[in-house]
Amino acid sequence: VVSCDPNVGIILVVALLQTSYLESDVVDAITESKVTCGKPTVVCSTGGEFTKILFKMLEDDHIPSYVTPERAVRAINALLKYCKALEDKEKRKNKS
């Protein structure tokens, strides 16, 4: 599974959550992957009311969800910059 690959640092799930055969189990699968592999996870999907319900379920599980790939990628970029800033701060602290 790609999500547990040590060369993968973050997961971007792009899914069509409005598909008629898809149920809320997809939220469980995404959440389980995040918990099992410990990778930051971001979801991108468009759709109607059902998608909004699934987005709320994902957000309740602390998984950010966005309606466009651009927004999802900007969120990932912000997360990476934040992590880098924390690492830099820790390095400066250890030098003192």
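Let's start at an outlying spot: Asn 7 has a relative accessibility of 72%, so it counts as exposed. Asn 7 belongs to the segment that comes before strand E1, which covers residues 11–14. Keep in mind as you look around that this is a predicted model. To get a feel for distance, go from Asn 7 to Lys 52: the two are 45 residues apart in sequence, and their C-alpha atoms sit 32 Å apart in space. For scale, the C-alpha trace of the protein spans about 55 × 25 × 20 Å along its principal axes.

Now for the overall layout. The protein has 3 helices and 3 strands, and from the N terminus on they follow the order β-α-β-α-β-α. Of its 96 residues, 26% count as buried. If you take the contacts with a separation of 6 or more, 69% of them are between residues 24 or more positions apart. The accessible surface adds up to about 6,700 Å², and carbon and sulfur atoms account for 59% of that.

Helix H2 is a good place to slow down. Its 12 residues should span 16 Å at 1.5 Å a residue, and the C-alpha atoms at its ends are 17 Å apart, so the two figures agree. Which residues of H2 are buried? They are Thr 51, Leu 54, Phe 55 and Leu 58. These residues cover an arc of only 105 degrees around the axis, so they lie on the same side of H2. There's a simple bit of helix geometry to remember here: an α-helix has 3.6 residues a turn, so residues three or four places apart point the same way.

What covers that buried side? Helix H1 (25–37), strand E2 (41–44) and strand E3 (65–66) are among the elements over the buried residues of H2. Take Thr 51 as an example. This residue sits in H2, which runs over residues 49–60, and its relative accessibility is 3%, which is why it counts as buried; the cut-off for buried is under 20%. Leaving out residues up to four places away in sequence, Thr 51 touches Leu 17, Gln 18, Ser 45 and Thr 46.

Turn H2 over and you meet another set of side chains. On the face turned away from the buried side are the exposed residues Glu 49 and Lys 52. For Glu 49 the relative accessibility is 56%. The side chains of these two residues meet in a salt bridge, at 3.4 Å from N to O. Why are they placed to do that? Glu 49 and Lys 52 are 3 residues apart in helix H2, so about one helical turn separates them. Side chains of opposite charge can pair when their charged atoms come close.

H2 also holds a salt bridge between the side chains of Lys 56 and Asp 60, at 2.7 Å from N to O. Here the residues are 4 apart, again about one turn of the helix. Both partners are partly exposed: Lys 56 has a relative accessible area of 48%, and Asp 60 has 46%.

How many salt bridges does a search of the whole structure find? The count is 3. Besides the two in H2, there is one between Lys 84 and Asp 88, whose closest N and O atoms are 2.9 Å apart. Both of these residues lie in helix H3, 4 residues apart, or about one turn. Lys 84 is partly exposed at 44% relative accessibility, and Asp 88 is partly exposed at 24%.

Back to the end of H2 for a backbone detail. Just after the helix, His 62 takes a positive phi of about 65 degrees. This residue is in the loop between H2 and E3, and at 64% relative accessibility it counts as exposed. What makes the angle worth a look? Most residues other than glycine have a negative phi, whereas His 62 has a positive one without being a glycine.

One last stop is on the surface. Leu 12, Val 14 and Val 73 form a nonpolar patch there, with about 260 Å² of accessible area together. Val 73 comes from helix H3, which covers residues 69–95, and its relative accessible area of 45% makes it partly exposed.

Methods:
Residues numbered from 1 in each chain as written. Predicted model: local features only at pLDDT ≥ 70, side-chain atom pairs only at ≥ 80, totals over all residues. Heavy atoms only, no water. Helix = DSSP H or I, 4+ residues; strand = E, 2+ residues; numbered from the N terminus. Buried < 20%, exposed > 50% of the residue type's maximum accessible area, 1.4 Å probe, protein only. Contact = heavy atoms within 4.5 Å. Expected span 1.5 Å × (residues − 1). Arc of directions from axis to C-beta. Patch = residues over 30% accessible without salt bridge, like charges linked within 9 Å, V, L, I, M, F, W, Y side chains within 5 Å. Areas by Shrake-Rupley, 256 points an atom, 1.4 Å probe, with all protein chains shown as cover. Salt bridge = Lys/Arg side-chain N within 4 Å of Asp/Glu carboxyl O.
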